[in-house]
Amino acid sequence: MQPRNMSMSGVVDLAAVKQAQEAKAKAEQARAQAARQGGTGAVSPADLVIDVDEAGFESEVLQRSTEVPVVIDFWAEWCEPCKQLSPVLERLAVEYNGRFLLAKIDVDANQMLMQQFGVQGIPAVFAVVAGQALPLFQGAAGEAQIRQTLDQLVQVGEERFGLTGLVVDPEAEPGAERPAAPERPAGPHDAALDAAVQAMDAGDLGGAVRAYKNVLAEEPGNTEAKLGLSQAELLQRVQDADPQKVRREAADKPGDAQAQIAAADLDLVGGHVEDAFGRLIDTVRVTAGDDRDAVRVRLLELFEVVGADDPRVTAARRALARALF
């Protein structure tokens, strides 16, 4: 999604955003179809808890994670804390009624998966959302903590990745084959968005910027185009920068708005999101007039790159408000 010599770790992955939007459309269509057909396509409550091995991981976890957050419970028969935690997770999976799927992985039989996730001890609980893995907690946590974590996971799945979950029907037969969701018809701007992504992959940042702007000219609210434009413009700003010079000037001129803005761009491209935000918020505090406004505007642009629902953005917005008022 970006020139190969640049790192965007910690920044929005446009491929994941596009995948999430498609997943949301398909999930919503599946729900609508199930409602029209009186529950056809729904899963049984028993299907909300599944045993997964290495052979089925891609289809049962990675693919399913594009329609529902998948919580992974790493356990073993000899693990006493696992015997306390697993029943709680299984009960909550049914209680949450399709908002997440619980995948149970026996570490003794699936050592490779345990190593891939970097599991150091069990019980260990991870989640996969839209193909992206994230750790949740380790050890036999209390139910209140588990609920809080699951609530946050479901919220992120819905708001950031558009995952509306599974349709659950108590009358459905356990293990019944689920019909595929209808294909989403191509949208009017899909070709332009694909062209923009291809331009980004090829390092043609100017072409990507033009393509995203063309989409936004006709559809100002297009989320993918907004995110793509923000990222393309950021990469365009830093592609010819001399990192050593930029950082030296920022260190020598702590109150210089343009020096700090340039350094913040580099921070974000390097995945140092909180450093970028903190640098600009500190600069807001020591500048005034047009300089202060320029810093504020750039900070808002960087918020767009990371995503409005990211907790780092939420915290930085509060800090910005305190710095301004």
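**Exercise 1. Which residue follows α12, and what is the sign of its phi?**

Find the end of the helix in this predicted model, then read the backbone angle just past it.

*Solution.* Step past α12 and you land on glycine 307. Its phi is positive, near 115°.

**Exercise 2. Check the length of α12 against its residue count, then work out how its buried residues are arranged.**

*Solution.* Start with the count: α12 runs over residues 289–306, which makes 18 residues. The expected span is 1.5 Å times one less than that number, so you should get 26 Å. The end C-alpha atoms are indeed 26 Å apart, so the two agree.

Next, list what is buried, using the cut-off of under 20% relative accessible area. That gives Val295, Arg298, Leu299, Leu302, Phe303, Val305 and Val306. Look down the axis of α12: these residues fall within an arc of 155°, so they line one face of the helix.

Now flip to the face turned away from the buried side, where you'll meet exposed Gly289 and Asp290. Finally, see what sits over the buried residues: the cover includes α8 (223–238), α10 (257–269), α11 (273–286) and α13 (311–324).

**Exercise 3. Lay out the sheet: give the strand order, find the edges, and place α5.**

*Solution.* Write the order down: β1-β3-β2-β4-β5, 5 strands in an open sheet with mixed pairing. The edges are β1 (49–51) and β5 (132–138), since each pairs on one side only. From one strand to the next, the twist averages 25°.

Zoom in on the β1 end. There, β1 and β3 (residues 101–106) pair in the parallel sense over 3 bridges, with valine 49 standing opposite leucine 102 in β3.

Then add the helix: α5 (residues 143–159) packs on the sheet and touches β2 (70–75), β4 (124–129) and β5. The direction of α5 makes about 165° with that of β5.

**Exercise 4. Classify the ring pairs that phenylalanine 117 makes with phenylalanine 57 and phenylalanine 126.**

*Solution.* The whole structure holds 6 aromatic pairs. Take phenylalanine 57 and phenylalanine 117: at 5.8 Å centre to centre and 75° between the planes, the pair is edge-to-face. The partners come from distant parts of the chain, 60 residues apart: phenylalanine 57 is in helix α2 (residues 57–62), and phenylalanine 117 is in the loop between α4 (111–116) and β4.

Now swap in phenylalanine 126. Its ring centre is 5.3 Å from that of phenylalanine 117 and the planes are at 75°, so this pair is edge-to-face as well.

What about burial? Phenylalanine 117 counts as buried at 15% relative accessibility, and phenylalanine 126 does at 11%. Phenylalanine 57 is buried too. To finish, put the rings together: Phe57, Phe74, Phe117 and Phe126 form one aromatic cluster.

Notes:
Residues numbered from 1 in each chain as written. Predicted model: local features only at pLDDT ≥ 70, side-chain atom pairs only at ≥ 80, totals over all residues. Heavy atoms only, no water. Helix = DSSP H or I, 4+ residues; strand = E, 2+ residues; numbered from the N terminus. Buried < 20%, exposed > 50% of the residue type's maximum accessible area, 1.4 Å probe, protein only. Arc of directions from axis to C-beta. Contact = heavy atoms within 4.5 Å. Pairing = 2+ DSSP bridges. Axes fitted to C-alpha atoms, helices over the stretch in contact; angles between N-to-C directions. Phe/Tyr/Trp six-rings, centres within 6.5 Å; stacked < 30°, edge-to-face > 60°.
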